[in-house]
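Below is a short report on one helix and on the contact between two chains. Please read it alongside the sequence and the structure shown here.

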Amino acid sequence: MTGFALFAAVFLACTVEAVEALTIILAAGTGRDWRSALKGMVAALIVLVAIVAVLGPAVTALPLTALRLVVGGLLLVFGIGWLRKAILRASGNKALHDEDAAYVKELEAAQKASGGRRPLAGDWYAFTLSFKGVLLEGLEVVFIALTFGSNQHDIPLASLGALAAVAVVAATGIAVRAPLSRVPENTMKFAVGVMLTSFGLFWGAEGAGADWPGSDAALLVIIPAVLVVALAYVALFRRRPAAAVAETTPHTAAS
Amino acid sequence: MQKIKAFGLFWWDFLIGDDWLVAAVVVLGLAATYVLGQQPGIPAWWLMPVVVLVILPVSIWRQLPKKR
């Protein structure tokens with residue numbers, strides 16, 4: 001895996017997470033209170049930094065085989081989740097632009113909530129909504145950067161990819177201050193799903209003791225193969241009666 | 001009690017996602033790959049791609065809108 005491929009993979013995956021975190025912050029800020037939403041975001045970032053400080057070295061010190069097994073399994077679960085949703089959208093079985101729906105849903109929930117005021121947090125609901133969203137998505141960003149980086153022995157470059165993604169999305173959010181439906185979410189999720197599933201397959205099987213033909217070069221076959229299979233499933237499920245639905249499924253960590 | 005439940009839900013959501021069957025099948029597939037890999041002369045790399053090939057459409061099917 002080249003340095004550019006590592007950077008691109010981490011950048012793309014982390015962009016998806018950052019877009020979701022920013023959507024939640026925007027909903028909490030516009031629906032309740034900007035200051036509290038931003039406090040929640042800062043608090044979550046502090047917790048994330050603490051987690052990275054404690055777990056970062058521990059993750060890289062883990063035996064590589066065990067690391068690949070655990071990471072591969074998790075990436076596979078995340079990747080299949082992303083692919084499933086992307087295929088459901090691409091085949092017309094799920095609303096395509098559900099970032100809009102997610103934003104409206106979060107906004108309505110924020111406006112309905114009674115949430116009291118706390119001395120430090122301000123509006124508690126806006127604070128916790130923002131905190132939870134940033135912590136959950138931020139953990140995935142940290143997870144992706146550390147695991148991709150440690151597996152390719154280049155954590156600084158992977159971290160740079162993650163930071164660049166967060167910076168780009170944050171700048172975009174500040175510039176538009178609107179739901180991020182303009183970002184081609186499903187295309188990005190499709191690509192990320194393919195990448196995570198491919199790396200999950202590779203690392204998971206290798207961690208479980210399998211030897212891939214061609215070693216690392218097997219990825220050059222696995223990634224296009226996963227893409228072709230995913231596109232085939234889009235075609236397969238498109239044959240069903242069109243059943244585009246307006247509602248979205250509940251938010252999940254996988255996407 | 002509610003906080004413990006929320007903590008558990010957070011990690012369930014983070015690790016398992018919205019289809020527990022995928023996580024369960026992935027774990028079983030990795031375990032089977034390990035067992036297969038212990039047998040001399042039998043390649044084990046093909047098992048997980050087959051697992052993904054099967055579980056992905058099953059998971060999609062489970063989340064298709066139900067016919068009325």
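Helix α2 of chain B (residues 20–38; helices are DSSP runs of H or I of at least four residues, strands runs of E of at least two, numbered from the N terminus) has 19 residues and reaches 28 Å from its first C-alpha to its last, close to the 27 Å expected at 1.5 Å a residue, where the expected span is 1.5 Å times one less than the number of residues. This is a predicted model, in which local features need pLDDT of at least 70 and side-chain atom pairs count only at pLDDT 80 or more, while totals for chains, interfaces and linings use all residues. Residues are numbered from 1 along each chain as its sequence is written, and chains are lettered from A and ligands numbered from 1 in the order in which they are written.

A residue is called buried if 20 or more other C-beta atoms, placed from the backbone, lie within 10 Å of its own, exposed if 12 or fewer, and partly exposed in between.

| State in α2(B) | Residues |
|---|---|
| Buried | B:Val22, B:Ala23, B:Val25, B:Val26, B:Gly29, B:Leu30, B:Thr33 |
| Exposed | B:Trp20, B:Leu21, B:Leu28, B:Ala31, B:Gln38 |

The buried residues of α2(B) cover an arc of only 165° around the axis, which puts them on the same side of the helix; the arc is that of the directions from the helix axis to the C-beta atoms. The exposed residues lie on the other side of α2(B).

Chain B as a whole has three helices and zero strands, and 28% of its 68 residues count as buried.

The contact between the chains (C-beta atoms, placed from the backbone, within 7 Å) takes 33 residues from chain A and 28 residues from chain B.

Conventions: Two residues are in contact if their C-beta atoms, placed from the backbone, lie within 7 Å.
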